Amino acid sequence: MRLQDNSILITGGSSGIGLELAEKFIQKGNKVLICGRTRSKLESAKEKVPKIITFQSDLSTENGRRGLFEWVHQEHPDCNVLINNAALVHRTSFKDDDRMQEKALLEIQTNLIAPIALSKHFLPLLEQKENAAIINITSGLAYTPKADYPIYNATKAGLHSFTKTLRMQLHKQRIRVVEVLMPVVDTPWHEGKVPKMAISSEQAVGEMLEGLTKNKDEIRVGKVRLLYWINRISPKIASKVINRGS
């Protein structure tokens, strides 16, 4: 994949991996659009990376998803890369949490339905472009779930499966379909409780970009490469590794 002269939309781009991606892509000579739910975070991102173009959107709703697409289609029709990065998590007890269904719906809509819906919205636009791509950011937890995240694991496993299926269905098209499986990354996503094994956003994005230049369809970042093979050999051991200390 060519990493220069693109017009790239990154969902969840106001902090963490999304913002690091935006900064790196701009440095390589790309036009970068980001969206996020919170205006203050978008404004802070704009202060840090002045060249990014921002749009406020709640991707957990159909109106938010459609509004984002219509904005891109009308204002930035040159967009040729969609990066589905936005995600949220609830670390909770499925049994004891009285708001479990509400939280589950929010996670599923944001983490799984949004990437599916946006991929569908953007397909006709991307089909017309050179160097077009849909890039879905998932997690090593798509292979082996972590007990603390009852819904997040399922959404990432679902997005992993959807991405593989979409790639198969679009194999005759010019649109590349890429999955990036992230390890634990030091971002605001952890709300100050960053695990010791976390890698930096800079390292995570660096490995992702390297994988894109090598035209990999599945980019396993950091220790996800090891987790993948452990899970192939012994899912039980992989589960113990992921849930150590939980």
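## A walk from the whole fold to Ser-119

Of the 246 residues in this protein, 53% count as buried. Keep in mind as you click around that this is a predicted model.

**Start with everything on screen.** Show the whole chain as a cartoon and you should find 8 helices and 9 strands. Switch to the C-alpha trace, and it spans about 45 × 40 × 35 Å along its principal axes. How does the radius of gyration sit with a compact globule? For 246 residues, a compact globule would come in near 18 Å, and the protein has 17 Å, so the two agree. Turn on the surface next: the accessible area is about 12,400 Å², with 51% of that belonging to carbon and sulfur atoms. If you like drawing contacts, take those between residues at least 6 apart in sequence; 66% of them join residues at least 24 apart.

**Now hide the helices and look at the sheet.** In what order do the 7 strands of the open sheet run? Reading across, you get S3-S2-S1-S4-S5-S6-S9, with parallel pairing. Select 53-56 and 218-220 to light up the edges: these are S3 and S9, and each has a single partner strand, so one side of each has no neighbour in the sheet. Look along the sheet and follow the twist, which averages 15° from one strand to the next.

**Select 31-36, strand S2.** This one is mostly covered, with 5 of its 6 residues buried. Add S1 to the view; the two strands pair in the parallel sense over 5 bridges. For one facing pair, pick Ile-10, which stands opposite Ile-34 in S2.

**Step over to 81-84, strand S4.** S1 (residues 7-11) is joined to S4 by 3 bridges, and the two run parallel. Click on Ile-8 and you'll find Val-81 of S4 opposite; click on Leu-9 and the bridge partner in S4 is Leu-82. On to S5: another 4 bridges link S4 to that strand, again in parallel, and Val-81 stands opposite Ala-133 there.

Show the S4 side chains as sticks. In a regular strand, side chains alternate between the two faces of the sheet. Which residues lie on each face of S4? Val-81 and Ile-83 are on one side, Leu-82 and Asn-84 on the other, and all are buried, so both faces are covered.

**Bring back helix H4.** H4 lies across S1, S4 and S5 (133-139), and runs at about 175° to S4. Select 100-126 to see the helix, then zoom in on Ser-119, which belongs to it.

**Last stop: Ser-119.** Is this residue buried or exposed? Its relative accessibility is 2%, so Ser-119 counts as buried. Follow its side chain to the backbone oxygen of Pro-115, reached at 2.7 Å. Then set aside neighbours within four places in sequence and see what else Ser-119 touches: Leu-82, Asn-84, Ile-134, Phe-162 and Leu-166. Two of those names should ring a bell: Leu-82 and Asn-84 are the S4 residues that share a face of the strand.

How values were computed. Residues are numbered from 1 along each chain as its sequence is written. This is a predicted model: local features need pLDDT of at least 70, side-chain atom pairs count only at pLDDT 80 or more; totals for chains, interfaces and linings use all residues. Side-chain values use heavy atoms; hydrogens and water are left out. Buried means under 20% relative accessible area, exposed over 50%, partly exposed in between (1.4 Å probe, protein chains only). A polar contact is a pair of N or O atoms within 3.5 Å; within protein, one must be able to donate a hydrogen and the other to accept it, and residues adjacent in sequence count only if both atoms are side-chain atoms. Contact means heavy atoms within 4.5 Å. Two strands pair if DSSP finds at least two bridges between them. Axes are lines fitted to C-alpha atoms, for helices over the stretch in contact, and angles run from 0 to 180 degrees between N-to-C directions. The radius of gyration is taken over C-alpha atoms; the globule rule is 2.2 Å times the number of residues to the power 0.38. Accessible areas come from the Shrake-Rupley method with a 1.4 Å probe; for residues, only the protein chains shown count as cover.
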